[in-house]
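Subject: Structure for you to look at

Hello,

I am passing on the structure we talked about. Please open it and keep it in view while you read the notes underneath.

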Amino acid sequence: VTGPIPADSSLPGESPHPIISGTGTTGWHRLHPLTPVVRAGNRLIALVVVLALFFVARQHKDGSQIISYLVVIAVALAGGFVSWLVTRWQVADGVLRIETGLIRRDSRRFPLSQIQAIDVVQSGIARVLGLAELRLRVAGSDSARGGRLACLRLADAEELRRELLAFSVSAAVPPAAGDAQAGDYAVPVPGAVAAGTGAPGALGDDAAERPLFRVRGDRLAAAILLSRAGAISLAVIVVLSAVVITTGKTAAIASFLPVALGIAAAVWRQFNAEYATRVAAAPDGLRLRSGLVQTTAETIRPGRVQGVRLVEPLVWRAFGWCRLEVDVAGPKERRENRGEGQRLRALIPVGSRAEAMAMVDELLVSRPMPDRQPPRQARLKAPLSYHFLASGGDDRYVVASRGRVCRKTTWVPLEKVQSIRWVQGPVQRRLGLASVLLDVAGRRVTADMQDRSAAEARDLLMGLPDMARRARLAAGRAAQPGG
Amino acid sequence: VSDATPGPQAGPGRQDRPDADITWQRPSPRLLRVRRIEVGLVTVPAALVGGLAGAGASAVVGVVVAAAVVVAGLLAERFLARRVASWGFAERNEDLMVRRGVLVQRQSVIPYGRMQFIDVTAGPVERSQGLATLRMHTAAAASDARIPGLDTAVAAKLRDQLAALGESQAAGL
């Protein structure tokens, strides 16, 4: 289904468009009937496993016990079924509406123009059943923490995602130059990610995807083993075997079991999330897909990148490996998603430096490198990290690197800078040094130009606000149609 | 980034401080009184509790503990005047500059267009002195900018002024 929206089409509200060709028009839709199974899925599996364990352990012959367990499962499924029955969604007038709730009706509106990104997420059970969940990321308030459409058929989900994104782009073209707030959210930085923003009609065309990167599975496994989690598990194994050999008691292993399980879970989670990471450039942004059991597909729209970070741990450097992460502005993650929310999005979980540099070129218009070292007296203040301290920049980006054993290089676009801080501690004052930090939205990325000479830091603090303002203005001009 | 090459022997001099040619506005002098009351409110109960707990062992220990707490409070009081005097803010054309700190000195620049919302808060001690604290929030969690010890009326006026400036210069994320 192509369903192209003509490039010069009016706003979606003025003429009815087929949203999902094949399932009908913009009327109310239900989610897929197997939704309760997927939603209850993980809990259901856990429940069944626990019950089975009980059953085996106690060797029940009492049938009533089993019946009561079955009743519990049936009630859980029935609740999910009712929730499915009263949930419906609709796209109309450029707004996605999701209504749910039996007793307390909950109706959410998502103006398509405010959608930042749409992810397609598949849990393990959903993959077996061929279903997928759509997650909408919306700008601004974290209380309205985005919407979920769970579950749809995978093909429907992908089609709907494409069409919603196409609508969101066409709806977000700023109607007037004064409306900077609304317009800026959809601003493509010229040439930043996609090769041109393309006409809206070209959106959603998968043929236009240009593959950029694909992680190698063996390298990912090796890299995770060589990271901190790997080092810890190695230490645990060494300690364990030492204890067992010296005391001859295998019972000691039991006390390490919780630790081992925790580490294994963390390693597994990372491997599962980053396995088969693929990045491709498409007209509507960078497409990022990953996952082994639970797969995720998301689109990082151009002009949404708040910061880029290159991480080079000690052991990885020996192999010439590194990790490239981006920070994208969005609502705070809900509690249940905290695990994935804490990490930055890893575009390259592990890759060669050349791959990382190519990806940085794809993300940024220019790629300044941190080439200016701090003055020599900084060695006294930061003897262990002096070798990695450096900063640089041009009129679009500031880049800073630091770290003791693990080098972290951070690029921050000047147009995204939220505040600039100058900090001077007592030792720095004695040595004539100062640090300048640039903050961008979120809590994870800060460009820290550590231990510059006091004169340079002063010039930075005095000069950067003007440069950031000019960068903002330039980005704002690029946002206006025909401008 | 600035191309200015720093003098290799740029020593720790007044001219390298970034606040040299800025006219700073200061918090109200009553802020010092607020901070003194706050230190007193912590020190006196702490000295009493510590003294009583120490007196459980012996009277001498109790007196020593109480005296130590009081001395610590007095030392903090010595430091307060400098800390309070270090606060300053300057309204520039495009941004607000805030500075603070004695031992670790900080100076922040927040563009008006980046301010998402602005709070005026006042604790009980501040309120008793007719003062309030102005907090500016941006989308970045790390940019912590506040101005304590403003006259309540001044704080309200500044808040409205900053909000208006922020609205007129607002920029998207």
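The notes below cover a sheet, some aromatic rings and two charged side chains. Please keep in mind that this is a predicted model.

The sheet

Six strands make up an open sheet, and it draws on both chains. The order is β19(A)-β18(A)-β17(A)-β3(B)-β2(B)-β1(B), with antiparallel pairing. In general, strands of a sheet are joined through backbone hydrogen bonds, in a parallel or an antiparallel way. Which strands stand at the edges? They are β19 (446–453) of chain A and β1 (88–91) of chain B; each has a single partner strand, so one side of each has no neighbour in the sheet. From one strand to the next, the twist averages 15 degrees.

Within chain A, strand β17 (residues 419–424) pairs with strand β18 (residues 433–439) over 5 bridges, in the antiparallel sense. One residue to look up is A:Ile420, whose bridge partner in β18(A) is A:Leu438.

The rings

Over all chains, the whole structure holds 3 aromatic pairs. One of them is A:Phe271 with A:Tyr275: the ring centres are 5.4 Å apart and the planes are at 50 degrees, so this pair counts as tilted, because only angles under 30 degrees count as stacked and only those over 60 as edge-to-face. A:Tyr275 has 29% relative accessibility and therefore counts as partly exposed.

Charges over rings

A:Arg30 has its charged end over the ring of A:Trp84, 5.7 Å from the ring's centre. A:Arg88 lies over the face of A:Trp28, at 4.0 Å from the ring centre.

Regards

How values were computed
Residues numbered from 1 in each chain as written. Chains lettered and ligands numbered in written order. Predicted model: local features only at pLDDT ≥ 70, side-chain atom pairs only at ≥ 80, totals over all residues. Heavy atoms only, no water. Phe/Tyr/Trp six-rings, centres within 6.5 Å; stacked < 30°, edge-to-face > 60°. Buried < 20%, exposed > 50% of the residue type's maximum accessible area, 1.4 Å probe, protein only. Lys NZ or Arg CZ within 6 Å of the ring centre and 35° of its normal. Pairing = 2+ DSSP bridges. Helix = DSSP H or I, 4+ residues; strand = E, 2+ residues; numbered from the N terminus. Axes fitted to C-alpha atoms, helices over the stretch in contact; angles between N-to-C directions.
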